[in-house]
Amino acid sequence: MPSRVGPSCARVDLDALAANVATLRLVAGRAQVLTVVKADGYGHGMVQAARAALAGGATWLGVAQLGEALTLRGAGVSAPLLAWLFTPGEDLVAPVRADIDLGVSSLVALGEVAAAARAAGRTARVHLKLDTGLSRNGLPLAQLDEVLRALGPLQAEGAVALVGAFSHLACADQPGHASIAAQHREFAAALAAIEPVAPALEVRHLANSAATLTAPQTHYDLVRVGIAAYGISPAPALGRPEDLGLTPVMTLTARLASVKDVPAGTGVSYGHTYITPAPTRLGLVPLGYGDGIPRAASGIGPVAVGGRRHHIVGRVCMDQVVIDLGPQSRAAPGDEVVVFGPPAAGGPSVQDWAECVGTIGYEIVTRIGARVPREYVGVGGQA
Ligand SMILES: *Cc1c(COP(=O)(O)O)cnc(C)c1O
């Protein structure tokens, strides 16, 4: 008897993830690789992605939130781990106890980290997160002196150890953009200011995936790679994944729930935004916006069935979409529909989806919902 766990599946190839990280490690040269596994490993599964990244040669892991970092520690992941986004009043004692390095972006955060370290009875490891031009999270450089003055006594007391300094680029996906050099200069100046307070930082880091691939001068001691580890190009202008030596990790598939032959003039899905111009065969795909299929893909989202390209007709619903299989189709209920995956899967790419709805590949994979079961294959599969 067939026994699939659901009507759809996101197959996650952990060997591909490990191989991508190994490739990025070569690109990074002498710099270590931190793999970013925030947002559930960009939708791939955080713990599994973390283990596969470590198998591929990453020596650090990074997440945005403290809860994400604690989940990794709870799963037994003991690698160096950095979390950089928290708000006043969040519990920092548990992260300090769990040996999670903290990205600090303000004097207030530094004070809270120090207090947590005293409560935990151990030294908190801190990376200063510097705003060199992204104007997002990060310490404004005008406040750097003040923070460094506060750091001196905290380090002497043993509450805090400044082990890293980092910043994040605004336009690394546009190689040669003037802001890259400008941010690099600001970062170098900030490092010089930090030097007297922390002469032996373990890691200085600036590069994301795009900069890792295109701007070696930004590599420093550590590169923070997210999207490229998952086999997705940080920007179409940098090339397709295969041009960059990367393999897409996730393959999203579903089974046709039904097929039906309809006459010309049939209105399809909510609002009847599509009326069949001629007799055709419609296929019902059990994935909708509740699973992360963008509603903006109504009428255009690409899929493949039996190696043939088709697209969504009518509106994307919460649980399902309808595709036009064409009048000659021999597709049958239960046939596999490839929504996206690596070239070998024979379907559209994540980039195809991103372009068709006017977004980026990051958003396509990260939004694949919890209802879609992840099926892990490869090295980290036992994780
Ligand atoms: C998410 C994130 C990254 C990873 O960026 P990619 O473009 O996915 O490589 C790196 N650094 C910081 C601070 C981030 O927030």
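Mentor: Buried means under 20% relative accessible area, exposed over 50%, and partly exposed in between, with a 1.4 Å probe and protein chains only. Strands (E, at least two residues) and helices (H or I, at least four) are DSSP runs, numbered from the N terminus. This is a predicted model, in which local features need pLDDT of at least 70, side-chain atom pairs count only at pLDDT 80 or more, and totals for chains, interfaces and linings use all residues. Residues are numbered from 1 along each chain as its sequence is written, and side-chain values use heavy atoms, with hydrogens and water left out.

Trainee: How many residues of strand β8 are buried?

Mentor: Strand β8 covers residues 160-167. The strand is mostly covered, and of its eight residues the number buried is seven.

Trainee: Which strand pairs with β8 over seven bridges?

Mentor: Two strands pair if DSSP finds at least two bridges between them. Here the sense is parallel, and His 127 has Gly 164 in β8 as its bridge partner. The strand, residues 124-131, is β6.

Trainee: Which residue of β9 stands opposite Ala 165?

Mentor: Strand β9 (residues 203-205) runs parallel to β8, and three bridges join them. Opposite Ala 165 stands Arg 204.

Trainee: What is the radius of gyration of the protein chain?

Mentor: The chain has 11 helices and 20 strands. For 383 residues the globule rule (2.2 Å times the number of residues to the power 0.38, with the radius taken over C-alpha atoms) gives 21 Å. The chain's value is close to that, so the chain is as compact as a globular protein of that length, at 24 Å.
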